[in-house]
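Hi there,

Here is the structure I promised to pass on. Could you have a look at it when you get a moment? My notes follow below.

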Amino acid sequence: MKNIAVLGSTGSIGQNTLDIVSEFSDRLKVIGLSAYNNIGLLRSQIKDYSPEYVAIREDKISALRKDINGRIKVCDTNSGLKNMIASKDIDLVVVAISGSSALESVLEAIRQRKTVALANKEALVMAGSIIMKEAKKYNTQIIPIDSEQSAIFQCLQDRNKKELKKIYLTASGGPLVDAPVSRLKNISVKEVLKHPRWKMGKKVTVDSATLINKGLELIEAMWLFDVKPEQIEILIHREAIVHSMVEFIDGSIIAQLGVTDMRLPIQYALTYPARWKGVLKSLDFKSLNLAFDKPDFDKFPCLGLAYKAARLRGTAPCVLNAANEIAVGAFLEEKIGYLDIYRIINSVLSRHKVLRNPGLNEIISVDKWARAQAQKLIN
Ligand code: MN
C-alpha cells in the first residue's frame, strides 16, 4: 500500500489524483488532504477517502471541524501542513497547489524524504537550483506530473546525461493560437478561459494563452533535467498527443505519446517506477494527423521573456514568475488587459538586478519585490 498526501486536493489535478486513488483503492491510501478554501468539496473528499489529516486555511478550520469525524486532525496550511507532511505514515506527497505558495511544502517534503509528485511549476521556477540541491542531499525523488515533464522523464529514464542532445517541449498552443493579433488587445477573460485541449485551473489557462506556461515549463525542464535553455526547443503541437520528446547524441529521438488526459501522467507519478493497468483508451493512430510548428515569438512575447529569464538564471526566473502571478491575477479580475500581462512582466524583469546564486531568503525577498513592482504598475 502506498500512502499519499494530496496538497491542493480540491483543484483539478488534486481531483484527478483522487479519481486514480479510487481506481486503485487496494494499492493507494490517502493519509492527508489539503485545500485552500473550498470547504464544501474538501468535506466530501474527507467522506470518500477518510484521511488522517486535513489542512485548510486558518479561518476555515473551525467551520470544517464542526461536522467531521473528531479523530481526523484538522490543521492550518502553514505549520500544520508541515507537520502533516512530516507524518511517518506518508510515503508520497502530491504537490498540486498552484502558485508560489507550494515552495515551502515542496522543500519540507524533500527534507522529510517523501517522494514528491510535483504538479506545481512555480516552486521549481522560483527556486529550482535549491530544490534540486536539496533533493540530491536528501536523496529524494521528484517525479513530475506536468504532462510534458512526465514525458521527458519517461523518455530519459536513467540514461546518462551526456547522451542527451536536446529536448523537444511540445505545446498545444493554448486558447489563442489561432486568434488574430488584432484581437488580443481587447480579448476578454471569458474567451481566454476557453482552452481547446486541456481542462485546467484559471491561472494555468491564462498562462497557456500567453504561452508563458510553456516558458515556465522550459525553466522547469532546465532544472529537472539539468539542461541549458538552448537545448530545449518548443514546438507547437495542437493535437497534444506527443507530450514531449528527447533527442540523444546519436540522433535517435524518443517520444512519449498518449491520450490527452492528465490522469495518465498523474497515475505514472503515483505508480513509478511500476506501471499499473489503467482505464484510459488506447490511441487510435489511424485517426491521427500530427503536426509540429515553431511558436510565434512576436505574437507571444512572454515566451521570449521566459528564454531570457532562463538564460539569466539566478533570481530572474523568480521575478518572471512573481510578476506573472500578479499580472494574471489582475487580468482575471479585469483590472488589466491581456497585453498588459507581457508589459508588466517585461518591465519588472528589466528593472531587476539578477542575483547569480541566491539562497532561499534572497529568493523570497526578490519574489516579494517583484510582486510589489508588478502591483505598482497595475495600480
Ligand atoms: Mn504542461
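A residue counts as buried under 20% relative accessible area, as exposed over 50%, and as partly exposed in between. Please keep in mind that this is a predicted model.

With that cut-off, D340 is partly exposed because its relative accessible area is 23%. Its salt-bridge partner is R343, with the closest N and O atoms 2.6 Å apart. R343 is partly exposed too, at 47%. The two sit 3 residues apart in helix α15 (residues 338-351), so about one helical turn separates them.

There is also a network: K121, D146, E148, K214 and E217 are joined by salt bridges that share partners. Within it, K121 pairs with E217 at 2.6 Å between the closest N and O atoms, and with D146 at 2.9 Å. D146 lies in the loop between β7 (142-144) and α7 (147-156), while K121 lies in the loop between β6 (115-118) and α6 (122-137), 25 residues away. D146 is buried, at 9% relative accessibility, and K121 is buried at 8%. The structure holds 20 salt bridges.

On the larger scale, the domain assignment gives domain 1 (2-144) and domain 2 (150-313). Their contact takes 26 residues from domain 1 and 25 residues from domain 2. Between them they bury about 2,500 Å², 71% of it on carbon and sulfur atoms, and 2 salt bridges cross the interface.

Finally, L257, F285, L290 and F292 form a nonpolar surface patch with about 340 Å² of accessible area together.

Best wishes

Conventions:
Residues numbered from 1 in each chain as written. Predicted model: local features only at pLDDT ≥ 70, side-chain atom pairs only at ≥ 80, totals over all residues. Heavy atoms only, no water. Patch = residues over 30% accessible without salt bridge, like charges linked within 9 Å, V, L, I, M, F, W, Y side chains within 5 Å. Areas by Shrake-Rupley, 256 points an atom, 1.4 Å probe, with all protein chains shown as cover. Salt bridge = Lys/Arg side-chain N within 4 Å of Asp/Glu carboxyl O. Domains from an automatic or database assignment. Contact = heavy atoms within 4.5 Å. Buried area = accessible area lost by both parts, 1.4 Å probe. Helix = DSSP H or I, 4+ residues; strand = E, 2+ residues; numbered from the N terminus. Buried < 20%, exposed > 50% of the residue type's maximum accessible area, 1.4 Å probe, protein only.
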